[in-house]
Amino acid sequence: MNEELEFVMIKPDAVRRGLIGEIISRIERKGLKIKAMKMIKMSNEMAHKLYEEHEGKPFFEDLVSYVTSGPVVVMVVEGPSAVTVMRKMIGDTDGSKAEPGTIRGDFALSKARNLIHATDSPEKVEREMSIFFKKEDLLDTENMHSIY
Ligand code: CMP
């Protein structure tokens with residue numbers, strides 16, 4: 001099987017609306033493994049790095065101020081074709097067009113405030129996750145010792 005890593009970010013609107021648990025629950029129920037996770041307040045510099053491909057677009061400044069406006073939850077997940085699987089689970093960028101059953105389809109109506117980000121191609125995952133995590137932050141959940 002094609003085991004892959006994927007970078008995921010729960011955006012400030014989802015944190016504010018109390019949707020962290022709902023989103024993490026969907027990821028876990030799907031069977032993806034959470035390898036690393038933390039809640040942070042993203043800096044301006046981090047936001048510019050994460051969204052560098054959108055620099056110059058009309059929505060760029062709004063996007064940066066939105067993702068730096070409050071805490072976000074960043075994580076690395078792993079599983080077979082994790083990038084394709086996560087992209088299907090989050091749905092169309094525009095919440096009003098996203099299919100019911102997807103995260104944005106069920107909880108978002110906007111393109112700009114669309115709750116969640118997941119890297120859109122396997123080649124970009126390493127770059128995006130390295131903005132927030134070091135290699136040693138990725139944990140092997142299979143081999144964790146029991147606390148008992
Ligand atoms: P995301 O998947 O995080 O990737 C880029 C983000 O830019 C996207 O989700 C949206 O939040 C935002 N975005 C993309 N297109 C537009 C747009 N036309 N207007 C406003 N925001 C946008």
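Start by selecting F132: in this predicted model its relative accessibility is 5%, so it counts as buried. Now add F7, which has 0% relative accessibility and is buried as well. Show both rings as sticks. A search of the whole structure turns up 1 aromatic pair, and you are looking at it: the ring centres of F7 and F132 are 5.2 Å apart and the planes meet at 5°, so the pair is stacked. Distance of the centres and angle of the planes are how a pair of aromatic rings is described. Next, colour by element. F7 belongs to strand β1 and F132 to the segment after α7, so this pair ties together parts that are 125 residues apart in sequence.

**Next stop: helix α7**

Select residues 122-130, which make up α7, and pick out its buried residues, V125, E128 and M129. Then turn the view until you look straight down the axis. Which part of the helix do these residues line? They fall within an arc of 90°, so they line one face of α7. To see what that face packs against, bring up β1 (3-10), α3 (44-50), β3 (72-80), α5 (82-90) and β4.

**Over to helix α4**

Now do the same with residues 60-67, helix α4. The buried ones here are F60, L63, V64, Y66 and V67. Around the axis they cover an arc of only 165°, which puts them on the same side of α4. Their packing partners are β1, α1 (12-16), α3 and β3.

Stay on Y66 for a moment and add R113. The charged end of R113 sits over the Y66 ring, 4.4 Å from the ring centre. There is another arrangement of this kind to call up: select K38 and F133, where the charged end of K38 sits over the F133 ring, 4.8 Å from its centre.

**Down the loop between α6 and β4**

Select N114, which lies in the loop between α6 (103-107) and β4 (116-118). Is N114 buried or exposed? With 3% relative accessibility, it counts as buried. Look for its polar partner: the N114 side chain reaches the backbone oxygen of T93 at 3.1 Å. Beyond residues up to four places away in sequence, N114 touches K11, D13, Y66, T93, R104 and A108, so you can show those six as sticks around it.

Step along to L115, in the loop between α6 and β4 too. Check its backbone: phi is near 70°, a positive value in a residue other than glycine. L115 has 0% relative accessibility and counts as buried.

For another positive phi, jump to S81, where the angle is near 45° and the residue is again not glycine. S81 sits in the loop between β3 and α5. Its relative accessible area is 27%, so S81 is partly exposed.

**Into the nonpolar cores**

Select I27, M75 and M86. Within the largest nonpolar core, which has 23 residues, these three touch the most other members. Elements giving two or more residues to this core are β1, α1, α2 (20-30), β3, α5 and β4. Which element supplies the largest share? That is α5, with 5 residues.

Now centre on I27 and show its contacts: V8, L32, M75, V77, M86 and M89, leaving out residues up to four places away in sequence. Then hide that group and select L50, F60, V83 and I131, which are among the members of a second, separate core of 22 residues. You have met F60 already, as one of the buried residues of α4.

**Last stops: two strand residues**

Go to E78 in strand β3. At 17% relative accessibility, E78 counts as buried, since the cut-off is under 20%. Setting aside neighbours within four places in sequence, E78 is in contact with E3, E4, L5, L32, K33 and K35.

Finish at M37, in strand β2 (residues 33-40). M37 is partly exposed, with a relative accessible area of 42%. Apart from neighbours within four places in sequence, its contacts are I24, V73, V74, M75 and F133. F133 should look familiar, as the ring under the charged end of K38. To close, draw a distance from the C-alpha atom of M37 to that of H54: these residues are 17 apart along the chain, and the atoms are separated by 25 Å.

Notes:
Residues numbered from 1 in each chain as written. Predicted model: local features only at pLDDT ≥ 70, side-chain atom pairs only at ≥ 80, totals over all residues. Heavy atoms only, no water. Helix = DSSP H or I, 4+ residues; strand = E, 2+ residues; numbered from the N terminus. Buried < 20%, exposed > 50% of the residue type's maximum accessible area, 1.4 Å probe, protein only. Polar contact = N/O pair within 3.5 Å; in protein donor to acceptor, adjacent residues only side chain to side chain. Contact = heavy atoms within 4.5 Å. Arc of directions from axis to C-beta. Core = buried A, V, L, I, M, F, W, Y, C linked by side-chain atoms within 4.5 Å. Phe/Tyr/Trp six-rings, centres within 6.5 Å; stacked < 30°, edge-to-face > 60°. Lys NZ or Arg CZ within 6 Å of the ring centre and 35° of its normal.
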